[in-house]
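Here are some worked exercises to try with the sequence and the coordinates side by side. Have a go at each task before reading its solution.

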Amino acid sequence: MANPTANGADTPLLERINQESAFSDAATEEGLIDLANKLAPLIQGRRLHNVIDLMSLASDGVDMADDAMIQKMMTAYEDITSTAWMLGNAARYAANQAATAPVPSRLGLLRAAGDEDVRRGLHFALQFLAVLGRQATPEPDVD
């Protein structure tokens with residue numbers, strides 16, 4: 001059996017840390033004291049527990065993430081990014097066109113509705129509004 005005195009097991013932990021590690025450096029010690037002073041209110045108010053819980057949640061997420069899940073998340077990110085890019089470009093183009101072209105008359109608006117792209121856009125907008133309307137319908141009261 002190993003001698004506890006030979007490996008310093010009988011020496012208090014703080015003494016061993018001060019003697020045998022990078023913690024014995026004055027700058028490190030000062031940094032640790034500053035850190036302890038910042039952590040004290042979190043520890044006293046039991047708010048550090050929340051930070052530890054959040055780190056546990058993040059760790060669980062990393063543990064659960066497999067290749068298929070990451071691929072799905074990347075695909076969703078790419079879809080969202082490309083949709084935002086497309087909408088931004090369309091809005092900039094439409095704003096530029098509206099700013100440079102004269103305001104159409106009522107008859108001009110009807111003529112514009114003859115364009116297939118305009119009709120497709122109007123159809124999309126109407127379908128989108130229909131879905132929003134369906135979701136905004138209040139649930140019937142069940143008595």
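## Exercise 1: A network in helix 6

E116 is partly exposed, with a relative accessible area of 46%. This model is a predicted one.

Task: Find which residue forms a salt bridge with E116, then work out which residues share one network.

Solution.

Step 1. Recall the general idea: side chains of opposite charge can pair when their charged atoms come close.

Step 2. Apply the cut-off, a side-chain nitrogen of Lys or Arg within 4 Å of a carboxyl oxygen of Asp or Glu. R120 meets it with E116, since the closest N and O atoms are 2.7 Å apart.

Step 3. Look at the spacing along the chain. R120 and E116 are four residues apart in helix 6 (residues 116–136), so about one helical turn separates them.

Step 4. Check R120 for a further partner. The side chains of D117 and R120 also meet in a salt bridge, at 3.0 Å from N to O. D117 and R120 are three residues apart in helix 6, which again means a separation of about one helical turn. Shared partners in these salt bridges join E116, D117 and R120 into one network.

Step 5. Add the exposure. R120 has 46% relative accessibility and counts as partly exposed, whereas D117, at 53%, counts as exposed because the cut-off for that class is over 50%.

Step 6. Close the count: the rule gives two salt bridges.

## Exercise 2: Rings and a nonpolar patch

Task: Search the whole structure for aromatic pairs, and say how many there are. Then decide which nonpolar residues form a patch on the surface.

Solution.

Step 1. The search returns one aromatic pair. F124 and F128 form it, with 6.3 Å from centre to centre and 20° between the planes.

Step 2. Classify the geometry. Planes under 30 degrees apart count as stacked, so the F124 and F128 pair, at 20°, is stacked.

Step 3. Place the rings. Both F124 and F128 lie in helix 6, four residues apart, about one turn of the helix.

Step 4. Compare accessibility with the class limits. F124 has 58% relative accessibility and counts as exposed, while F128 has 46% and counts as partly exposed.

Step 5. Widen the view. F124 and F128 belong to a nonpolar surface patch with L126, L129 and L132, and together these residues have about 550 Å² of accessible area.

## Exercise 3: Charge and backbone around helix 2

Task: Identify which residues form a negative surface patch, then find where R46 is placed.

Solution.

Step 1. The negative patch on the surface consists of D25, E29, E30 and D34.

Step 2. Take E29 as the example. E29 is in helix 2 (residues 26–44) and is partly exposed, with a relative accessible area of 40%.

Step 3. Move on to R46, which is in the loop between helix 2 and helix 3 (48–64). The backbone of R46 deserves a look: phi is positive, about 60°, although R46 is not a glycine.

Step 4. Finish with exposure. R46 counts as exposed, at 58% relative accessibility.

## Exercise 4: The whole chain

Task: State how many helices and strands the protein chain has, and what share of its residues is buried.

Solution.

Step 1. Count the elements: the protein chain has six helices and zero strands. Read from the N terminus, the order is α-α-α-α-α-α.

Step 2. Apply the burial cut-off, under 20% relative accessible area. Buried residues make up 1% of the 143 residues in the protein chain.

Step 3. Turn to the surface. The protein chain has an accessible surface of about 12,900 Å², and 64% of that belongs to carbon and sulfur atoms.

Key
Residues are numbered from 1 along each chain as its sequence is written. This is a predicted model: local features need pLDDT of at least 70, side-chain atom pairs count only at pLDDT 80 or more; totals for chains, interfaces and linings use all residues. Side-chain values use heavy atoms; hydrogens and water are left out. Patches are made of residues with over 30% relative accessible area and no salt bridge: like charges are joined within 9 Å, nonpolar side chains (Val, Leu, Ile, Met, Phe, Trp, Tyr) within 5 Å. Accessible areas come from the Shrake-Rupley method with a 1.4 Å probe; for residues, only the protein chains shown count as cover. Lys and Arg count as positive and Asp and Glu as negative; His and the chain ends are not counted. The place of a charge is taken as NZ of Lys, CZ of Arg, CG of Asp or CD of Glu. Helices (H or I, at least four residues) and strands (E, at least two) are DSSP runs, numbered from the N terminus. Buried means under 20% relative accessible area, exposed over 50%, partly exposed in between (1.4 Å probe, protein chains only). Rings of Phe, Tyr and Trp (its six-membered ring) pair if their centres lie within 6.5 Å; planes under 30 degrees apart count as stacked, over 60 as edge-to-face and the rest as tilted.
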